[in-house]
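Colleague: I'm new to this one. Could you walk me through it?

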Amino acid sequence: MEWKDQTVGDTPIGAEAERAVRVLHGAKGRQLPRPPRQRVFTIANQKGGVGKTTTAVNVAAALALQGLKTLVIDLDPQGNASTALGIEHRPGTPSSYEVLIGEIPVKDALQQSAYSERLYCVPATIDLAGAEIELVSMVAREGRLRNALATLEEYDFDYVFIDCPPSLGLLTINALVATPEVLIPIQCEYYALEGVGQLLRNIEMVKSHLNPLLDVTTVVLTMYDGRTKLADQVADDVRSHFGAKVLRTVIPRSVKVSEAPGYGMTILEYDPGSRGAMSYLDASREIAERAHTTGKEPR
Ligand SMILES: Nc1ncnc2c1ncn2[C@@H]1O[C@H](COP(=O)(O)OP(=O)(O)OP(=O)(O)O)[C@@H](O)[C@H]1O
Ligand SMILES: [Mg+2]
């Protein structure tokens, strides 16, 4: 058959476009219920490049698409979450740094994403690189972010995600002190669990001394490659260790997911019909479904 005889849906690009429309339409039509109270997550894993930022921005975008008001706080001097959301974060932009040190209220650093009126970001600028050291000499250095975010509940966000840098330093500790929930992304690769023990010990320490409400509620398996046996072994290990905390949805390794931030877009905007987009939509729904079992008190 000659190409000019084909209808749009018969071509690969046409089929992809149709799938994208179906996915987006379906997601928009499926409004998720608001959680009983605002849910605030630290996204942490001191191992670098495991999908913390990708998970933060794509889960946030997926929740926003389905009707929930969502905020991503970029607490990594690399500013990757800000970049991925297409948010201004040049030096001098009001950012998580000024919020953390108490110079400005969080509302002065909020930016709305171009993607959705329900998706917001507090960006990170390079200024945050110095914070780890500056914090050392500050009073109540572990609780700075908690104090800064004390008024967050007034802003009516349903979900807040704090994207942490790949370290267990004072920035990550500040996030752990400020939030009740921890989400740990784990990459389906060899050595995936290496370091997780250390992370869990730190979480326990913060819980017993600084934040009794702290709990690892959610584990997400990322960059899953179904062609390798190893990926399944890692997934099984993680599930036997964390049980029901692990989302049933697994995020596949996909080039599209890694390309999206280069365009300042989430995968839901860059390629809504892709497996990556669908997996983040599924993950967001699972997280939202758990709201009623993990919420600490009613709103
Ligand atoms: N599902 C995926 N498929 C393919 N590539 C991915 C996937 N998820 C993330 N990546 C890519 O892997 C790299 C690391 O991901 P990401 O930046 O989300 O990790 P991170 O844990 O936030 O890293 P860091 O520790 O540096 O903050 C990025 O280039 C990202 O685009
Ligand atoms: Mg990151």
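**Helix 9 and the ligand shell**

Modeller: Let me begin with helix 9, bearing in mind that this is a predicted model. The buried residues of helix 9 are Ala 231, Val 234 and Val 238.

Colleague: Why do those buried residues line one face of the helix?

Modeller: Looking down the axis of helix 9, the buried residues fall within an arc of 65°, so they line one face. In general, an α-helix has 3.6 residues a turn, so residues three or four places apart point the same way.

Colleague: And which exposed residues sit on the face turned away from the buried side?

Modeller: That face of helix 9 carries Lys 229, Asp 236 and Ser 240, which are exposed, while the cover over the buried residues includes strand 6 (181-187), strand 7 and strand 8 (246-252).

Colleague: How many residues does helix 9 have, and what comes just after?

Modeller: Helix 9 runs over residues 229-242 and has 14 residues, reaching 20 Å from its first C-alpha to its last, which is close to the 20 Å expected at 1.5 Å a residue. Just after helix 9, Gly 243 takes a positive phi of about 55°.

Colleague: Switching topic, which residues come nearest to ligand 1?

Modeller: There are 19 residues around ligand 1, and those that come nearest are Lys 52, Thr 53, Thr 54, Pro 166 and Ser 258. The elements giving two or more residues to this shell are helix 2 (52-65), strand 7 (215-224) and helix 10 (255-259), and helix 2 gives the most, with three residues.

Colleague: How does that shell divide into nonpolar, polar and charged?

Modeller: The shell around ligand 1 has six nonpolar residues, ten polar and three charged.

Conventions
Residues are numbered from 1 along each chain as its sequence is written. Chains are lettered from A and ligands numbered from 1 in the order in which they are written. This is a predicted model: local features need pLDDT of at least 70, side-chain atom pairs count only at pLDDT 80 or more; totals for chains, interfaces and linings use all residues. A residue is near a molecule or strand if its C-beta atom, placed from the backbone, lies within 6 Å of it. Helices (H or I, at least four residues) and strands (E, at least two) are DSSP runs, numbered from the N terminus. Ala, Val, Leu, Ile, Met, Phe, Trp, Tyr, Cys and Pro count as nonpolar, Asp, Glu, Lys and Arg as charged, and the others, Gly among them, as polar. The expected span of a helix is 1.5 Å times one less than its number of residues. A residue is buried if 20 or more other C-beta atoms lie within 10 Å of its own, exposed if 12 or fewer, and partly exposed in between; C-beta atoms are placed from the backbone. The arc is that of the directions from the helix axis to the C-beta atoms. Two residues are in contact if their C-beta atoms, placed from the backbone, lie within 7 Å.
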